[in-house]
Amino acid sequence: MGTHSRPLIGRKKTGKNAHPTRHCMTDELSQIDVKWLRRFRAALRRWHARGGRDLPWRNCRDPYMVWISEVMLQQTTVAAVKPYFERFLNRFPNVAALSAADEADVLRLWEGLGYYSRARNLRKAAQVIVANGGEFPQSIESLLQLPGIGRYTAGAILSFAFDRPAPIVEANTLRLYCRLLGFRDDPRSTAGQRLLWSFAEKLVPAKSPGEFNQAMMDLGATICTPTEPHCDECPVVSSCLAFAAQAQAEIPAPKPRPEITETREAYVAVESSGRYLIYRRPEGQRWAGMWDFPRFELPLASEQQFLERRIAADFGPRVTITERLTQLKHSVTRFRITLDCWLAESNGDDGLTTPHPTAWVVPSEFARYPFSTTGRQFAETLLRELREPNLFRAVGQNT
Ligand code: SF4
């Protein structure tokens, strides 16, 4: 394999159904040779020396900072993460501080980033590390034992912080590897994952593996972009099978789109003597651990009576729904949710029957609690309504 100057992986078969990507690519991976690797890595390093991204967590050898940044970056953009990262590090500067934190404080700083189990797992993992002496684990096996740490995060910590030659596959490198290999099948399938991780293992060098992995991620993020990749600026274009086949737009295979389900739900701000009823969402529900206003899926008819019954059955107080404050629209996975936000007054019996942690709080205390994104929107709408009555009431009645 080492004597080729054109794409070396997945060479063209002959015959009617021949395609450079459809034969056994694992066999082809075994043929990648030292010369090819040396050329590929050198081209990438030269490019990265000129064009790497400048990120707050870049060139950092602190495993704690690498860990926090990588977990935050899952499912999120760099721009969204930057302010969260700085706030989080200011408040919890090390593993010991995070392990001693209240879960609600951690979630409050995570509020808006979504996928809140990530924040809860960070705190749980910090507690495990502290219980084991406080030293950050330095082996793939011990990192994978920690709550919330998968193969990618472990590889990032090992290579970025400890300069160990650990492979990585995340969104940017997944796309880049698929294109380099000309891999047209589903990269998220078991066979696809096996192939991509094997490729990543072959690519990562023993010397400066962290820098190499960061260069691959930067190349994926800035040059090998999801749409219209900048192949004319790509340092590894001569090793790219997707480019050779002019198939960049078809690779990687898109994720199958989930069927969207429309649902209607409702919030109720239950008021009693100037305080509002909120509760901590239990394990197993969306946004577990976050606080929220009573929220229900709606039947098709008699919304107000239904909500009055559910408040009494699920929380205890007897209430009268008074009016709709506003309506929010948002999506969770395949659900597109229309969320009516109601006001209700307690009828005098405020006894709580719910098994979940619950509180009656004055609006000025909303800021102390971690809310789901829509919970925060509702809380802020309520605060504005209390400051400027009727402003939002009109909006709510018209939607
Ligand atoms: S040549 Fe184009 S498609 Fe191939 S790796 Fe480079 S940017 Fe991506």
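Select the shell of residues around the ligand in this predicted model. By residue class, this shell holds twelve nonpolar, two polar and one charged residue. In total, 15 residues surround the ligand. Highlight Cys224, Pro229, Cys231, Cys234 and Cys240, which are the closest of them.

Next, colour the elements that give two or more residues to this shell, namely helix 10 (171-181) and helix 13 (241-244). Which helix gives the most to the shell around the ligand? Helix 10 does, with three residues.

Now leave the ligand and select strand 1, residues 261-272. The tour follows its pairings in turn.

Begin with strand 6, residues 335-346. Strand 1 and strand 6 run parallel and are joined by eleven bridges. To see one position in this pairing, display Thr261 and, opposite this residue, Phe335 in strand 6.

Add strand 4, residues 295-297, to the selection. In which sense do strand 1 and strand 4 pair, parallel or antiparallel? The pairing is antiparallel and extends over three bridges. Here, show Ala266 and look across to Phe296 in strand 4, which stands opposite.

Finally, select strand 2, residues 275-280. Strand 2 runs antiparallel to strand 1, and two bridges join them. Display Ser272 together with Arg275, its bridge partner in strand 2. Strand 1 and strand 2 form a hairpin with two residues between the strands. Centre the view on Ser273 in this hairpin, where the backbone takes a positive phi near 50°.

Notes: Residues numbered from 1 in each chain as written. Predicted model: local features only at pLDDT ≥ 70, side-chain atom pairs only at ≥ 80, totals over all residues. Pairing = 2+ DSSP bridges. Helix = DSSP H or I, 4+ residues; strand = E, 2+ residues; numbered from the N terminus. Near = placed C-beta within 6 Å. Nonpolar A, V, L, I, M, F, W, Y, C, P; charged D, E, K, R; others polar.
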